[in-house]
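Biologist: I am new to this structure and would like a close look at a single part of it. Could you pick the aromatic rings and the strands around them, and then walk me outward from there?

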Amino acid sequence: MQTETVNTVADGETEIETARWQSEIDAAARAGGGRVVVPAGTHRTGSLRLRSNVELHLEAGAVLRFVPDPALYPPVEARWEGAPETIHQPCVYARGETNVSITGFGTIDGQGATWWDTFRHRRDELAHPRPTLLGLHECERVTIRDVTLRNSPSWTVHPLLCDGVTITNLVIVNPADSPNTDGIDPESSRNVRISDCHIDVGDDCIAIKAGTERSPQRVPCENITITNCTMVHGHGGVVIGSEMTGGVRGVVISNCVFEGTDRGIRFKARRGRGGVVEDVRVTNVIMRGVMCPFVVNPFYFCGPDGKLPRVADRDPHPVGDDTPVFRRIHLAHITARDVHASAGHLFGLPEAPLSELTLDDVTVSFARTPVPGQPAMAAWVDDVTRQGFRIGHVTDSSVVRVRVEGHEGAAFQVEDSPTLRLTESTGCDDVGVRAGAGS
């Protein structure tokens, strides 16, 4: 489809083509659908809104470069960090649409450096939270395939309240020190398939979310598959939480490589947020150079209310709808080498133990010159190196064929977990037991 180019704004470098591309997208939608092709070359633009039955296709060599002028990203209602919020419209945005696609071997560049600098040093200049790069909200049948995504102003790919999302063969690259530049964050969405992606970002590589206690909706994130992906540098390889009030269930992670991420498989929550995470299976994963391969942390202290005394309190609290629950988590056939801080930090709450956890056929070995780090972001967790597994408030669970090499101190420190079964593992006779714990 070809239409006359309409230039809207010029800033002294090249003209901005927002009107041109929005006109082509709208024309395709009026015709009942079709493909809008972005040819090779650099095309500077502001926020674009996708429509039903329209495929935005970037040819090899095409670059959509999003100009970092807040005026080009009008305010829209969405969620920000799990709560209702007015945000700057995403660079590529759809809401309430069906059959929307972003494809091709071109590049979408969010030019995030200006946004990051403002966020770090002049945050009061931001009228609203920064735009995500691709924000698909309340959509059905979403496809994102083959494109390279880089320099996102904040989260890179954010399917929110969507059903039927396929994300495959993406390259996502944001600088390691860029703030809040998660790779792919499905939130309160279902039937999401993520495969064959390379993700190298400044925050969590993939984070599965389901809103917070501040969201009026309690919508789960469910039926999620993640396979054949590489994750580099992020704060976590695959993360569930901490926004999990709606619950997360039915997650399968397989055949992935994590390299240099702070943490590998990471679950995080806190009292007051509620939500149930259940039926998560992780298998056939290789990790290299991570700080801590496995984290289940219901004492997570970041974000609003994270520093309240009840979050860090290690005494039991009354159980209610605001109590987070983790159960039926299976981690198998995993190797983590050159680990720095800890083999694993796996905890439930004293009033809501982590239940039906399985570690099976897991090998962890430590770096020769480890860098100290905090395995879990909780007030009572210190920086460590070469610490074995630390396990607490776990019930009806088993650790089978787990090998820990190069640790200092006990291979397993277990507390308040009398039904934990520890068998066929290196270090079975090297268990520290605390506070009524068992093994």
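Modeller: Gladly; what follows starts with the aromatic rings, moves to the strands around them, and ends with the open spaces and a few backbone details.

Please keep in mind that this is a predicted model. A search of the whole structure finds 7 aromatic pairs. One of them joins F299 and W380, whose ring centres are 5.3 Å apart and whose planes stand at 85°, an edge-to-face arrangement. Where do these two residues sit? F299 belongs to the loop between β28 (292–297) and α3 (309–312), while W380 belongs to the loop between β31 (354–366) and β32 (387–392), so the pair ties together parts that are 81 residues apart in sequence. F299 has a relative accessible area of 1%, and is therefore buried. W380, at 15%, also counts as buried, because the cut-off for that word is under 20%.

W380 has a further ring partner, F347. Their centres lie 5.2 Å apart with the planes at 65°, so this pair is edge-to-face too. Here again the pair links distant parts of the chain: F347 is in strand β30 (residues 342–347) and W380 is in the loop between β31 and β32, 33 residues apart. Both F347 and W380 are buried. Elsewhere in the list of aromatic residues, F294, F389 and F412 form one cluster.

F347 brings us to its strand, β30. How much of β30 is covered? Of its 6 residues, 6 are buried. β30 pairs with β28 in the parallel sense, over 2 bridges, and V296 has L346 of β30 as its bridge partner. β30 is also joined to β32 by 5 bridges, and those two strands run parallel as well. In that pairing, L346 stands opposite I391 in β32. If you look for L346 in the picture, you can therefore follow it to V296 and to I391. For comparison with this part of the model, there is an open sheet of 4 strands in the order β5-β10-β13-β16, with parallel pairing. Its edge strands are β5 (48–49) and β16 (157–160), each of which pairs on one side only. Within that sheet, β10 (residues 92–95) and β13 (residues 134–137) run parallel and are joined by 4 bridges. R95 stands opposite H137 in β13.

Now to the open spaces. The largest pocket has a volume of about 590 Å³. Its lining is made up of 29 residues, and those nearest the centre are E81, N180, E243, Y300 and C302. What kinds of residue make up that lining? There are 9 nonpolar, 6 polar and 14 charged residues in it. Among the strands, β9 (83–88) and β26 (263–268) each supply at least two lining residues.

Strand β26 also holds R266. Is R266 buried or exposed? With a relative accessible area of 4%, R266 is buried. Leaving aside residues up to four places away in sequence, R266 touches D204, H235, V238, V239, I240, V295, Y300 and M377. One of these contacts, Y300, is also among the residues nearest the centre of the largest pocket.

The model also has 1 cavity of 30 Å³ or more, and the space in the largest cavity is about 30 Å³. The residues that line the largest cavity are E213, R270, R271, G272, D305, L308, R310 and V311. They divide into 2 nonpolar, 1 polar and 5 charged.

D305, one of those lining residues, deserves a second look for its backbone. Phi of D305 is near 70°, a positive value in a residue other than glycine. D305 lies in the loop between β28 and α3, the loop that also contains F299. D305 counts as partly exposed, at 32% relative accessibility.

D279 likewise has a positive phi, near 60°, and is a residue other than glycine. D279 sits in strand β27 (residues 276–288) and is partly exposed, with a relative accessible area of 34%. A last backbone detail is the peptide bond from G241 to S242, which is cis, with omega near 0°. S242 is in the loop between β24 (236–241) and β25 (248–259).

Methods: Residues numbered from 1 in each chain as written. Predicted model: local features only at pLDDT ≥ 70, side-chain atom pairs only at ≥ 80, totals over all residues. Heavy atoms only, no water. 1 Å grid on protein atoms, 1.4 Å probe; cavity = no way out; pocket = protein on both sides within 12 Å on 5 of 7 lines; lining within 4 Å. Points joined across faces, edges and corners; volume = space filled by probe spheres on them. Nonpolar A, V, L, I, M, F, W, Y, C, P; charged D, E, K, R; others polar. Buried < 20%, exposed > 50% of the residue type's maximum accessible area, 1.4 Å probe, protein only. Contact = heavy atoms within 4.5 Å. Pairing = 2+ DSSP bridges. Phe/Tyr/Trp six-rings, centres within 6.5 Å; stacked < 30°, edge-to-face > 60°.
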